[in-house]
Amino acid sequence: MRILSKLIITAVLTGAEVTRAQQPNLPITPEEIAQAALEAYEAGASIVHVHARETNGSATQDKEAYRKVMDAVTAKSPVIFQPSTGGATWHTAEERLQPVELNPEMATLSTGTCNFGRDIFSNPQDFYERAARMMLERGVKPEFEVFEAGMIDNALRLVKDGFVKPPLHFNFVLGVPGAMTGTVRNLSFLVDQIPADATWTVSGIGRYETSLAMVAIAMGGHVRVGFEDNIYYYRGELAKSNAQLVARVARIAKEFGREVASPDEAREILGLPARSK
Ligand code: KMH
Ligand code: ZN
């Protein structure tokens with residue numbers, strides 16, 4: 001039997017869409033996001049995926065807003081900081097690429113367009129080639145955000161065309177209304193489409209979060225949880241914090257015989273350069 005690697009847990013602390021009215025414990029300011037990152041790290045997260053917010057709570061892709069969040073997060077905990085290039089559906093390509101200019105260790109990259117609720121999450125080829133080239137030039141590792149199966153083919157074409165260098169890392173985002181739903185069959189199908197030596201994680205949206213996390217733990221994948229994807233602990237019961245959602249995954253993983261990866265172990269698993277101490 002194959003020995004599975006340690007488990008990388010990504011905490012998605014803010015997202016672009018969730019509001020304080022929906023989840024009163026949503027972190028918004030750089031200080032709140034940094035504190036949420038620290039608590040998530042202490043609960044077992046090794047990556048934090050972040051969307052910056054204005055002080056009034058609205059999503060922003062402003063470079064300086066991301067700089068404040070990145071500085072606050074990395075000063076407080078050793079996690080891998082992964083900003084969004086997805087932003088919100090209304091952000092322009094120029095806005096969305098700004099956080100890459102900060103040379104974070106990783107950034108998200110969606111390689112295709114899909115429905116996103118009533119909106120369109122627009123990722124034409126021009127956009128994702130430009131984003132991938134920028135990441136390659138700056139040594140930023142892309143995490144492919146896969147909302148629909150064809151996005152994998154587009155990602156693999158980027159690799160073939162030299163825009164992205166292996167080792168590859170995919171995140172299967174399942175359960176967004178309008179895109180692929182969160183069934184185990186969908187996850188299993190997607191995992192079969194990526195190269196055997198690629199790493200992958202799953203983001204089950206809403207009620208799919210915990211069931212898909214358990215399947216990914218058993219399959220040797222990795223797991224993403226947090227308020228961007230799901231604001232509840234149980235059905236109808238809001239989570240107290242992002243860390244509470246991370247802690248549940250770490251606890252379940254232990255029962256499956258998978259210890260959680262530290263940030264440095266996650267860097268090794270993902271093929272990221274080691275951090276100088
Ligand atoms: N907010 C969504 C429209 C990403 O961060 O890369 C896109 C998103 C993906 O959240
Ligand atoms: Zn995101």
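A polar contact is a pair of N or O atoms within 3.5 Å of each other. With that cut-off in hand, the surroundings of ligand 1 in this predicted model can be read step by step. An N or O atom in the side chain of S84 lies 2.7 Å from an oxygen atom of ligand 1, and this pair is therefore inside the 3.5 Å limit. H49 also takes part, with a polar side-chain atom 3.1 Å from an oxygen atom of ligand 1. In the case of E228, an N or O atom of the side chain is 3.0 Å from an oxygen atom of the ligand. On its own, ligand 1 has 300 Å² of accessible area, and the protein covers 98% of it.

The wider setting can be described next. Ligand 1 takes up the space of the largest pocket. Around it stand E17, H49, H51, S84, G86, G87, T89, T108, F116, F121, E145 and E228. Sorted by character, the residues of this shell comprise 7 polar, 3 charged and 2 nonpolar ones.

Some of these names return at the metal site. The zinc ion (ligand 2) has as its protein donors H49 and H51, each through NE2, and E228 through OE, at 2.1 to 2.2 Å from the ion. Along the sequence, the spacing of the donor residues is H-x1-H-x176-E. H49 belongs to strand β2 (residues 47–50), whereas E228 sits in the loop between β10 (222–225) and β11 (232–234), so this pair ties together parts that are 179 residues apart in sequence.

Methods:
Residues numbered from 1 in each chain as written. Chains lettered and ligands numbered in written order. Predicted model: local features only at pLDDT ≥ 70, side-chain atom pairs only at ≥ 80, totals over all residues. Heavy atoms only, no water. Near = heavy atom within 4 Å. Polar contact = N/O pair within 3.5 Å; in protein donor to acceptor, adjacent residues only side chain to side chain. Areas by Shrake-Rupley, 256 points an atom, 1.4 Å probe, with all protein chains shown as cover. 1 Å grid on protein atoms, 1.4 Å probe; cavity = no way out; pocket = protein on both sides within 12 Å on 5 of 7 lines; lining within 4 Å. Sits in = over half its atoms within 2 Å of the grid points. Nonpolar A, V, L, I, M, F, W, Y, C, P; charged D, E, K, R; others polar. Donors = N, O, S within 2.8 Å, 3.2 Å for Na, K, Ca; no water. Helix = DSSP H or I, 4+ residues; strand = E, 2+ residues; numbered from the N terminus.
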